[in-house]
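Here are some notes for a colleague who has not yet looked at this entry. They take the ligand site first and the sheet afterwards.

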Amino acid sequence: MSVPPGGRVWRVGVAGLGNVGAGVLGFLAERPDFAPAGGRVVVSGVSARSRSRPRPVNISGLAWFDDPVALAASPDTDIFVELVGGSDGPAKAAVEAALKAGKPVVTANKALIAEHGAELAALAEEQGVPLLFEAAVMGGTPAVKMLREAMVGDEVRSVAGILNGTCNYILTEMQNKGGAFADVLAEAQRLGYAEADPIMDVGGFDAAHKITILAALAFGCAPNYAAAEIEGIEQVALVDIQLAKDLGYRIKLVASADRTEDGVLVRVHPTLVPLDHPLALAGGALNALFIEGTRIGRIFIQGPGAGSGPTAAAVAADIADVMAGAVRPVFQAPARALSPFTPVDPARSIGRAYLRFLVRDEPGVIAAVSETLAEAGVSIESFLQKPVEDAAGVPIVLTTHSVAESVLKAAIDRIAELPAVIDRPRLLRIARI
Ligand code: HSE
């Protein structure tokens, strides 16, 4: 293609016209001058499941493709933007088709990158084309570029934060309004903050996809979603939110990745965070992230993790990188040089914990619980018993000093067998950040 005066025209094919896809088309329509690196962007074609669905943007003048693979392979597509979603199926097929045809790919698809990132990175690098996914993690808040580009001069030890806005919104509402999980989720769905099928969000899987990607970028290892330990927020009870607050904590869904001498530990679970900690203060649907580098120390970023406008801005930033000619390794190092991801057994991890027991209100119960913990080598840090008028039992809550998770779980098993303990104790971790 000859380069016209004013620079090259980049023909962008956009597959997936949901919230983010419509946001990208809206952005490009509003910003015909968008050219941070010179040149010009035009939309050459679009693809989605339904052509006629009502959308906030007019697509009648754009070439339509029923099949995103055909759009990816079209000779009129210079940059393929994949906003279809899903780890497999049409999204993966179309991204592979674009890369095989030597075309740069921009995607917001965290499931695809977390589950197939290593093979797609190898394909992109073999073809010498960029595969960019800033919008896949934290929406418009630039975590991906920060780790991939700005922090390559450091060795990152850990990343941890709130990576799912839906869960953060639900936990914040439970805390502020005193609602139970199921009621707050139903209200969030009614208001459009949660999907009709919320499992990817509330089950912790969306956050796990994102932290898997950040771990690969931070540590230069191949993404390994299967190794992530995942617990969602479905089991977070209002009583835990209230008791945690009495102890000086807020419950957040924290996703973390730590590099240790033994390997990498990637986890997502509800976590107690001190009330004055920046993660505790990131309320509503906000996302927030700590990055800890050996030389740089701690960095904290916070911002919107979803939404059409912010996510479209992240997609546009990746398009700008393609236009600038930037071709970097897809993760922190070339695909062939990524270290294998050696998962650390979570049972070996050490940390403080919150335990809630429902017990019969009778003499000697607290002594029996604390003796069992002492025999197992678990040291109690604080203890709280609420006078509750409930025939079902009374909750007692304690926090522990640092302890190996395997030791703690063995102690919990023994406590669960005590005659005065009514059901299995609830374990929540306390943040180490
Ligand atoms: N559903 C995600 C969230 C946004 O609630 O944060 C897209 O990843």
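1. Two helices, α6 (165-177) and α9 (205-219), each supply at least two residues of the shell around the ligand. Please keep in mind throughout that the model is predicted.

2. The residues that surround the ligand are Lys 110, Asn 164, Gly 165, Thr 166, Asp 201, Asp 206, Lys 210 and Ala 306. By character, this shell divides into four charged residues, three polar ones and one nonpolar.

3. Polar contacts to ligand oxygen can be listed for the following residues. Gly 165 places a polar backbone atom 2.7 Å from an oxygen atom of the ligand. Asp 206 contributes a polar side-chain atom, which lies 3.2 Å from a ligand oxygen atom. For Asn 164, a polar side-chain atom is 3.4 Å from an oxygen atom of the ligand. Taken alone, the ligand exposes 260 Å², and 82% of that is buried by the protein.

4. Which pocket does the ligand take up? The space taken by the ligand is the largest pocket. Residues named above as surrounding the ligand include Lys 110 and Ala 306.

5. Turning to the sheet: six strands form it, and the sheet is open. The strand order is β3-β2-β1-β4-β5-β6, with parallel pairing. At the edges are β3 (64-65) and β6 (131-132), each of which pairs on one side only. In general, strands of a sheet pair through backbone hydrogen bonds, either parallel or antiparallel.

6. One pair can be followed in detail. Strand β4 (residues 79-82) pairs with strand β5 (residues 105-107) in the parallel sense, over three bridges. Which residue of β5 stands opposite Glu 82? Thr 107 in β5 stands opposite Glu 82.

Terms used
Residues numbered from 1 in each chain as written. Predicted model: local features only at pLDDT ≥ 70, side-chain atom pairs only at ≥ 80, totals over all residues. Heavy atoms only, no water. Near = heavy atom within 4 Å. Polar contact = N/O pair within 3.5 Å; in protein donor to acceptor, adjacent residues only side chain to side chain. Areas by Shrake-Rupley, 256 points an atom, 1.4 Å probe, with all protein chains shown as cover. 1 Å grid on protein atoms, 1.4 Å probe; cavity = no way out; pocket = protein on both sides within 12 Å on 5 of 7 lines; lining within 4 Å. Sits in = over half its atoms within 2 Å of the grid points. Helix = DSSP H or I, 4+ residues; strand = E, 2+ residues; numbered from the N terminus. Nonpolar A, V, L, I, M, F, W, Y, C, P; charged D, E, K, R; others polar. Pairing = 2+ DSSP bridges.
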